[in-house]
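Notebook, sheets and one pocket. I went through the strand pairing, then the helix packing, then the lining.

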Amino acid sequence: MTWSLMIHGGAGRIVPDVLTSRQDSEARAALAAALDAGEAILREGGSAVDAVEAAVRVLEDAPSFNAGRGACFTQGGTNELDAAIMDGRDRRAGAVAGVTATRNPVALARAVMDQSPHVFLAGPGADAFSRGQGLEQALPEWFATPERRRQLEEMQARGADAFDIDMKYGTVGAVATDSHGHVAAATSTGGVTGKRWGRIGDSPLIGAGTYADDRAAAISCTGAGEYFIREGVAHEIAARLRFTNDTPQQAADTVLADVRAMGGTGGVIVAAPGGTTVWSMTTAGMYRGRAGSDGVRQVALYGEEG
């Protein structure tokens, strides 16, 4: 059986002199655990969509990343969570934005896909749907971490209009190809530190930060969301794979170059139906990992690692 899995925990200024040794080791351990969760499903012949949800749930529970527990704070000191999931078999998708109490937002996105007639729910309505589906809820204290609060306070000290420019931590995501040749993608995020006015980035937007199509590939993105939305990064990569002779690496690199030309940076992970997995980034680093039926297993943080 041929299967493959790739995950990310965000792209940005991820370099050895920014992360402490503890942050480095905790991030690597969380990435390895997420690979374990997705791999356990794929190794037994399970579906790509189940695998990406399982992997992202682990990353959401890890405070090393900006999703679920450990999500960044808004300007008002709250956590607003976004997530999406997409099944490449039939391009069904589910997404949520601005949710505040679901422990694992990716599970809520999955419920939207499987248990509702809609694709995208937001705010109080998404929170109500979550409770109605019996998904595990969490108090604000679960999502909040001292490190994220420190980041907000540090940013606010620079001025009321300060913005998160370091991009040290980020969004999480997973893409997979299962033994039946189907692909799936999932992405989850807390957005950016200091966001206001209900800001939503690319992560929950189907075609921008998340996309899966058996005719092309599964893609999950991380980076400067406003630029990824404008480029429609995830769908653009899939379109290049369908309509040009690009390899997955060429498609990812080309689209990220377009984003950079507009002024945005970030990274993507891609899983093609044949089992090929690639990553691409225009940042100093990206939390990432991969595993496959070929025995390859890798966890990396910095740009120079593989």
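I looked up the four-strand sheet. It is open, has the order 7-8-9-10, and its pairing is antiparallel. I take strands (E, at least two residues) and helices (H or I, at least four) as DSSP runs, numbered from the N terminus. Two strands pair if DSSP finds at least two bridges between them.

This is a predicted model: local features need pLDDT of at least 70, side-chain atom pairs need 80 or more, and totals for chains, interfaces and linings use all residues. Residues are numbered from 1 along each chain as its sequence is written, and side-chain values use heavy atoms, without hydrogens and water.

Next, the edges. Strand 7 (210-213) and strand 10 (277-281) each have a single partner strand, so one side of each is left without a neighbour in the sheet. The twist averages 10° from one strand to the next. For angles, I use lines fitted to C-alpha atoms, for helices over the stretch in contact, and values from 0 to 180 degrees between N-to-C directions.

I checked the pairs. Strand 7 and strand 8 run antiparallel and are joined by four bridges. They form a hairpin with three residues between them. Ala212 stands opposite Ala218 in strand 8. Strand 8 (residues 217-223) pairs with strand 9 (residues 266-271) over six bridges, in the antiparallel sense. Ile219 has Val270 in strand 9 as its bridge partner. Thr222 has Gly267 in strand 9.

I then looked for helices on this sheet, with contact meaning heavy atoms within 4.5 Å. Helix 8 (residues 233-243) touches strand 7, strand 8 and strand 9, and its direction makes about 145° with that of strand 8. Helix 9 (residues 248-262) touches strand 9 and strand 10, at about 20° to the direction of strand 10.

How enclosed is strand 8? Six of its seven residues are buried, so it is largely enclosed by the rest of the structure. Buried means under 20% relative accessible area, with a 1.4 Å probe and protein chains only; exposed is over 50%, and partly exposed lies in between.

I moved to the eight-strand sheet. It is open, with the order 4-3-2-6-5-1-11-12 and mixed pairing. Strand 4 (120-122) and strand 12 (297-302) stand at the edges, so each has one side without a neighbour in the sheet. Here the twist averages 5° from one strand to the next.

Strand 1 (residues 4-12) pairs antiparallel with strand 11 (residues 285-292) over eight bridges. Met6 has Arg290 in strand 11 as its bridge partner. Helix 1 packs on the sheet, touching strand 1, strand 5 (172-177), strand 11 and strand 12; its direction makes about 150° with that of strand 12. Helix 2 (residues 48-61) also packs there, touching strand 1, strand 2 (81-87), strand 5 and strand 6 (183-189), at about 155° to the direction of strand 5.

Last, I opened the second largest pocket. It holds about 280 Å³ of space. Of its 14 lining residues, Gln23, Glu26, Pro63, Ser64 and Glu147 are the closest to its centre. Helix 1 (21-43) and helix 6 (146-157) are the elements that give two or more residues to the lining. A pocket is an open set of points on a 1 Å grid where a 1.4 Å probe fits, with protein on both sides within 12 Å along at least five of seven lines; lining residues have an atom within 4 Å of a point.

Definitions and conventions: Grid points are joined across faces, edges and corners, and a volume is the space filled by probe spheres set on the points.
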